[in-house]
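Colleague: Please pick one part of this model and describe it closely, with its surroundings. I would like one connected account rather than a list.

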Amino acid sequence: MAIRNIIQLGDPTLRKKSFDVVDFGEKTHQLLDDMRDTLIKANGAGLAAPQVGVLRRIFIVLVDGKYYECINPTIISQSGSQTGEEGCLSVRGKFGTVKRPYKVVVKAFDRYNKPFTVEAEGFLARAFCHENDHLDGVIYVDKATDIQED
Ligand code: CO
């Protein structure tokens, strides 16, 4: 168990495109475990590997007590729209209004390289979209129609 440092907006790592995961072994499992501990300590809804300085296509989401680990994820379908507030552990002290799909279907691999799909609506869909954007160097502030101090 280890808490990792969450890098903040302005760090160029956050703007880079992450690479596919090819190692599903101990190193990746340790990263996932550390990310989970880091997310829980920060009281967040999601965390992507580049936020802890690792440019791999991994994110985790924790919403309403449900926990997801997504490796090499793809949003395979999306529908509807929702406009609401979101924040980011890499943009402390701010939140913004962002339009997202209302519903998404995400295909990803678990830590044992087993594929799965998950359907999400509402805030959970928002969280998946937000975290998936991190893997391409996109931060919610790029899409927000307004940003406010927390
Ligand atoms: Co974020």
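Modeller: Angles between axes here run from 0 to 180 degrees and are taken between N-to-C directions. With that convention, helix 2 runs at about 160° to strand 2. The model is a predicted one, and helix 2 is the part I will follow.

Helix 2 covers residues 122–134 and lies across strand 1, strand 2, strand 3, strand 6 and strand 7. These strands make up an open sheet with the order 1-2-3-6-7 and antiparallel pairing. Strand 1 (46–48) and strand 7 (115–121) are its edges, each pairing on one side only. From one strand to the next the twist averages 40°. At one edge, strand 7 is joined to strand 6 (residues 103–109) by seven bridges, and Val105 faces Glu119 of strand 7. Helix 1 (residues 26–42) also packs on the sheet, touching strand 1, strand 2 and strand 3. The direction of helix 1 makes about 35° with that of strand 2.

On the side chains of helix 2, start with Phe128. Two aromatic pairs are found in the whole structure. One is formed by Phe59 and Phe128, tilted, with 6.0 Å centre to centre and 55° between the planes. Phe59 sits in strand 2 (residues 58–63) and Phe128 in helix 2, 69 residues apart, so this pair links distant parts of the chain. Phe59 has a relative accessibility of 1% and counts as buried; Phe128, at 0%, is buried too. In the other pair, the ring centres of Tyr68 and Phe128 are 5.3 Å apart and the planes are at 65°, which is over the 60 degree limit, so the pair is edge-to-face. Tyr68 belongs to strand 3 (residues 66–79), 60 residues from Phe128, and Tyr68 and Phe128 are both buried. Ring pairs thus join Phe59, Tyr68 and Phe128 into a cluster.

The helix also supplies two metal ligands. The cobalt ion is coordinated by His130 (NE2) and His134 (NE2), together with Cys88 (SG), at 2.0 to 2.2 Å. In sequence these donor residues follow the spacing C-x41-H-x3-H. His130 and His134 are four residues apart in helix 2, so about one helical turn separates them. Both count as buried: His130 has a relative accessible area of 6%, and His134 has a relative accessibility of 0%.

Taken together, helix 2 lies across the five strands named above, contributes Phe128 to the ring cluster and carries His130 and His134, which coordinate the cobalt ion.

Terms used: Residues are numbered from 1 along each chain as its sequence is written. This is a predicted model: local features need pLDDT of at least 70, side-chain atom pairs count only at pLDDT 80 or more; totals for chains, interfaces and linings use all residues. Side-chain values use heavy atoms; hydrogens and water are left out. Donors are N, O and S atoms within 2.8 Å of the metal (3.2 Å for Na, K and Ca); water is not among the atoms, so sites may look incomplete. Buried means under 20% relative accessible area, exposed over 50%, partly exposed in between (1.4 Å probe, protein chains only). Rings of Phe, Tyr and Trp (its six-membered ring) pair if their centres lie within 6.5 Å; planes under 30 degrees apart count as stacked, over 60 as edge-to-face and the rest as tilted. Two strands pair if DSSP finds at least two bridges between them. Contact means heavy atoms within 4.5 Å.
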